[in-house]
Amino acid sequence: MHFYSVLCTAASLLGVASTAKLSPEAQSLFDYSMSIQDPRWDETYKVVWFNDNGPWSIRFTAWYTAGLLHRNQGDDVENAKAALKAILAVQMNENFTSAWYGDFKLSPDEPNPQSPLFTPSIYGTYDPNWREFIGTQLVQVVEEFEALLGPELVSDIEAAMAYDAVGAMRRNGTAPDNLILAYSNPGYMRALNVGWIGARLKNQTFIDFGNTQGNELYELFTKNGANTLGEYNAPNYYGMDMWALGSMAKYGPKNATFTKLSVKIMTKIWEDIADHYNPYLGNMVGPYDRAYTRDMTVHDAIISMFWWGIFGYGKAPIPPKSDLDLNYDVSQGAALALIMNNVASVLSPEVTHKLLTPFTTERFLNKTIYYNLETDENRTVTSWLSKPLMIGGQQLAETVARGKQFTPAIVHWAADPLHKPFPYNGFFSLYPTATTITAVAESHQLTISYPNKTQAGTDSFQFMLSGIPPPWNLAGNTVDGFTNLPCLKVNVTAPRLEVLPTVYGSMIYDHYYYNITYVVPEGFEGIPMMAFEMEYVC
């Protein structure tokens with residue numbers, strides 16, 4: 001019997017899990033993740049039942065394999081191996097010239113993209129980022145559990161990762177693809193995937209690509225001393241950045257540029273997160289390049305998983321365990337738990353203090369985000385924080401709308417300071433109808449204007465107001481624009497703009513909100529602008 005076979009047999013018999021010894025906090029995250037994922041397991045098809053782009057989720061299945069292999073009880077290892085084979089079976093390798101070559105189906109029951117049956121549509125009938133999501137998970141299971149998987153399955157995974165790498169390397173941001181250097185989270189995952197399989201197969205083309213990407217991502221991050229990601233201040237996708245960077249640090253080839261630089265980048269990101277985080281409100285001050293939840297204490301963001309895994313659930317800016325978003329994100333919790341020590345190692349005592357201790361002084365931040373390495377085009381972010389009130393705004397001049405995740409201006413405050421464990425957060429944010437916006441945060445003030453009135457969407461300022469506490473409503477109060485809010489006095493200046501009646505009942509990413517709209521009248525001359533002066537009064 002070959003030594004490798006002996007090793008695999010011994011590992012299985014002895015119940016060897018992974019190299020990761022989990023802290024109590026990481027173990028808590030791991031255990032809760034498995035308690036959510038276990039009931040979703042489809043014993044027949046060996047994949048996870050979850051209606052995420054189909055009846056079953058290949059991505060959730062990939063995340064589950066890490067938990068099964070680490071737990072290694074009963075049929076866990078055999079189920080994980082079966083799940084991995086099911087994942088490899090849905091990789092799309094038939095059409096070499098297609099945009100989805102080497103990608104993975106979202107659900108195992110769907111056909112390959114093809115017209116007219118399943119018309120190819122990026123982020124619709126195929127998601128190119130699944131190469132990165134699935135690929136990084138395959139990296140982890142091989143690095144942590146190779147002895148449990150056996151040489152044949154490991155060889156199959158390596159072959160799949162080579163297909164993955166070929167498809168991923170073709171992406172250059174040419175429409176409809178959008179993977180430019182500034183698209184941070186898939187960019188970092190791609191560098192790891194391609195560089196890792198290059199080292200495994202001794203493929204110099206893959207190795208060189210991973211190293212080049214590692215260097216360029218670092219150059220963009222550190223450009224002119226900015227230390228900012230191109231996908232900036234995104235609480236959900238910062239979680240995926242930490243997944244990518246923590247995995248680079250733990251699993252990346254030792255000589256790869258991205259491995260060497262990952263700790264430096266993680267360290268600076270966490271310093272910036274600590275500056276943006278308000279431990280009293282349990283939220284990061286805006287603005288957000290991408291946000292699902294606008295309040296992490298009521299709907300989850302992936303970055304919250306790292307508070308849980310490092311400091312414990314009770315110290316995390318995280319919603320109740322009944323939250324549907326939490327139970328979506330925590331599907332990855334077992335995999336995240338295995339890199340938690342690597343991420344935790346970059347937190348300085350000062351950063352840890354900021355992440356856990358409410359502050360009493362004001363804080364002002366001014367950050368620059370660059371688009372690319374070739375030009376100095378940039379966006380400017382300003383943020384102001386006090387303990388009960390914080391404000392963020394962004395200045396940008398673009399031509400394409402960023403969509404509803406983009407939050408160019410937002411105000412948070414403690415609308416009910418008696419609510420536990422965090423105050424109940426009120427917030428209002430600008431819905432991004434325009435593409436050139438100047439939003440500037442100062443102490444107790446927010447100013448917003450549309451400098452390029454020729455662009456579409458500059459005919460109104462639309463605000464979403466959410467987080468009104470039930471006791472305030474039940475006391476007979478009614479929201480009417482910004483004139484009457486719980487715990488916040490707002491003075492609005494809106495020269496020559498017309499305010500529409502306030503309307504309630506719409507929802508964005510599970511937040512029900514009041515729509516407060518100011519219209520720019522036809523024939524308006526000058527630059528439309530609004531200014532808010534705010535005073536916290538509770």
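**A salt bridge within a helix**

Classify Glu 271 by its relative accessibility of 30%, then describe its pairing with Lys 268.

Solution. The model is predicted. The buried class ends under 20% and the exposed class starts over 50%. At 30%, Glu 271 therefore counts as partly exposed. Lys 268, at 35% relative accessibility, is likewise assigned to the partly exposed class. The next step is the contact itself: the side chains of Glu 271 and Lys 268 form a salt bridge with an N to O distance of 3.5 Å, and the cut-off is 4 Å. Finally, the positions in sequence are compared. Both residues belong to helix H10 (residues 257-276), and because they are three residues apart, about one helical turn separates them. In general, an α-helix has 3.6 residues a turn, so residues three or four places apart point the same way.

**A salt bridge between helices**

Determine which parts of the chain are tied together by the salt bridge of Lys 250 and Glu 144.

Solution. Begin with the contact: the closest N and O atoms of Lys 250 and Glu 144 are 2.7 Å apart. Next, locate each partner: Lys 250 is in helix H9 (residues 235-251), whereas Glu 144 is in helix H5. The pair therefore ties together parts that lie 106 residues apart in sequence. As for the environment, Glu 144 has a relative accessible area of 5% and is buried.

**Further charged pairs**

Compare the accessibility classes of Glu 398 and Arg 402, and place their contact among the salt bridges of the structure.

Solution. Glu 398 and Arg 402 meet through their side chains in a salt bridge, at 2.8 Å from N to O. Glu 398 has a relative accessible area of 11% and is buried, whereas Arg 402 is partly exposed at 35%. Elsewhere, Asp 38, Arg 71 and Asp 76 are joined into one network by salt bridges that share partners. The structure holds 17 salt bridges.

**Helix pairs**

Decide how the axes of H6 and H8 are oriented to each other, and do likewise for H4 and H5.

Solution. For helix H6 (residues 151-169) and helix H8 (residues 204-222), the axes come within 11 Å and cross at roughly 50°. Angles under 35 degrees would count as roughly parallel, and those from 65 to 115 as roughly perpendicular. H6 and H8 are therefore oblique to each other. The crossing of H6 past H8 is left-handed.

For helix H4 (residues 76-89) and helix H5 (residues 130-149), the packing angle is about 140° and the axes are 12 Å apart. An angle has to be over 145 degrees to count as roughly antiparallel, and H4 and H5 are therefore oblique. H4 and H5 also have a left-handed crossing.

**Backbone features in loops**

Locate the cis peptide bonds before Pro 116 and Pro 287, and then place Asn 53 and Cys 487.

Solution. Start with the peptide bonds. The one from Ser 115 to Pro 116 is cis, with omega near 0°, and Pro 116 occupies the loop between strand E5 (103-104) and H5. Gly 286 and Pro 287 are joined by a cis peptide bond with omega about 5°; here the loop runs between strand E7 (283-284) and helix H11 (304-311).

Turn next to phi. Asn 53 is not a glycine, yet its phi is positive, about 70°. Asn 53 sits in the loop between strand E2 (47-49) and strand E3 (56-57) and is partly exposed, at 44% relative accessible area. Cys 487, also not a glycine, has a positive phi of about 70°. The loop holding Cys 487 lies between helix H16 (470-474) and strand E16 (488-493). With a relative accessible area of 9%, Cys 487 is buried.

**A covered helix and a surface patch**

How many residues of H11 are buried, and which residues form a nonpolar patch on the surface?

Solution. Eight of the eight residues of H11 are buried, and the helix is mostly covered. Among them are Met 305, Phe 306, Trp 307 and Trp 308. After H11 comes Gly 312, with a positive phi near 110°.

The nonpolar surface patch is formed by Tyr 504, Met 507 and Tyr 512, which together have about 350 Å² of accessible area. Tyr 512 belongs to strand E19 (residues 511-519) and is partly exposed, with a relative accessible area of 46%.

Technical notes
Residues numbered from 1 in each chain as written. Predicted model: local features only at pLDDT ≥ 70, side-chain atom pairs only at ≥ 80, totals over all residues. Heavy atoms only, no water. Patch = residues over 30% accessible without salt bridge, like charges linked within 9 Å, V, L, I, M, F, W, Y side chains within 5 Å. Areas by Shrake-Rupley, 256 points an atom, 1.4 Å probe, with all protein chains shown as cover. Helix = DSSP H or I, 4+ residues; strand = E, 2+ residues; numbered from the N terminus. Buried < 20%, exposed > 50% of the residue type's maximum accessible area, 1.4 Å probe, protein only. Axes fitted to C-alpha atoms, helices over the stretch in contact; angles between N-to-C directions. Left-handed = near helix turned anticlockwise from the far one by under 90°.
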